[in-house]
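Visitor: Could you walk me through this fold, bench-side style?

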Amino acid sequence: MNGGGLTPDRGWVATPEGEHLRGRRVRDTRPEVALRKAVHRLGLRFRLHQRVAPRCTADFVLPRYHVAVFVDGCFWHGCPKHGPKMFRGPNAERWTDKIETNRARDRRNTEAAEAAGWTVLRVWECEVKASPAAAALMVAERCSAPTRVTGQEQAADRASHSEHP
């Protein structure tokens, strides 16, 4: 990208401030790997990047328990505490739209996975960074729960515990 010029895709304006976002990993991010290691230490076994519904791939699944885990990055998925509150610059409106599109896709994927019979657990990146072991215990609790927890119940639980470490 050349500084300050329009990119061919969707008219984004290349800026030096946004250069660090190029080439970000989609899979195997540090928080995702840290959570997987902690889950493995608890004796739980999983499969990576499995499709749980059409156009919906979980970061990892625990097939024995039918649990699908998604590790949501605070920036990209709009964490209420760590996600950006407002964008500035020539791409501000595009960034706002991008984050809202990601959140809508997350809701749609959660509903689709649940409709396919999966228990869905979404974990914020900041929760994993604060304590991979505690985040892994959340996964273990979902695996041992006698009944499935729906995405709406999980969203209500997340909202009531919106204070991130």
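What follows is a short round of questions and answers.

Guide: First, the ground rules: this is a predicted model, where local features need pLDDT of at least 70, side-chain atom pairs count only at pLDDT 80 or more, and totals for chains, interfaces and linings use all residues. Residues are numbered from 1 along each chain as its sequence is written, and side-chain values use heavy atoms, with hydrogens and water left out.

Visitor: How many helices and strands does the protein chain have?

Guide: Helices (H or I, at least four residues) and strands (E, at least two) are DSSP runs, numbered from the N terminus. Along the sequence they follow α-β-β-β-β-β-α-α-β-α-α-α. The tally is six helices and six strands.

Visitor: Which strands stand at the edges of the open sheet?

Guide: Strands count as paired if DSSP finds at least two bridges between them. The open sheet has four strands in the order S1-S4-S5-S6, with mixed pairing. A single partner strand each leaves one side without a neighbour in the sheet, and that is the situation of S1 (47-48) and S6 (119-124).

Visitor: What is the bridge partner of Leu 62 in S5?

Guide: S4 (residues 60-62) and S5 (residues 67-72) pair in the antiparallel sense, over three bridges. Within S5, the partner of Leu 62 is Val 67.

Visitor: Which element supplies the largest share of the largest nonpolar core?

Guide: A nonpolar core here is a set of buried Ala, Val, Leu, Ile, Met, Phe, Trp, Tyr and Cys residues joined through side-chain atoms within 4.5 Å. The largest one has 17 residues, and Val 69 and Val 139 are among those touching the most other members. Helix H1 (30-41), S4, S5, S6 and helix H5 (132-144) each supply at least two residues. The largest share, four residues, comes from H5.

Visitor: How many residues make up the other core?

Guide: This one lies apart from the largest core, and its members include Cys 56, Phe 70, Ala 113 and Val 120. Its size is ten residues.

Visitor: Is Asn 109 buried or exposed?

Guide: Asn 109 is found in helix H3 (residues 92-115). Contact means heavy atoms within 4.5 Å, and beyond its neighbours within four places in sequence, Asn 109 is in contact with Arg 55, Cys 56 and Arg 122. The cut-offs are under 20% relative accessible area for buried, over 50% for exposed, and partly exposed in between (1.4 Å probe, protein chains only). At a relative accessible area of 11%, Asn 109 is buried.
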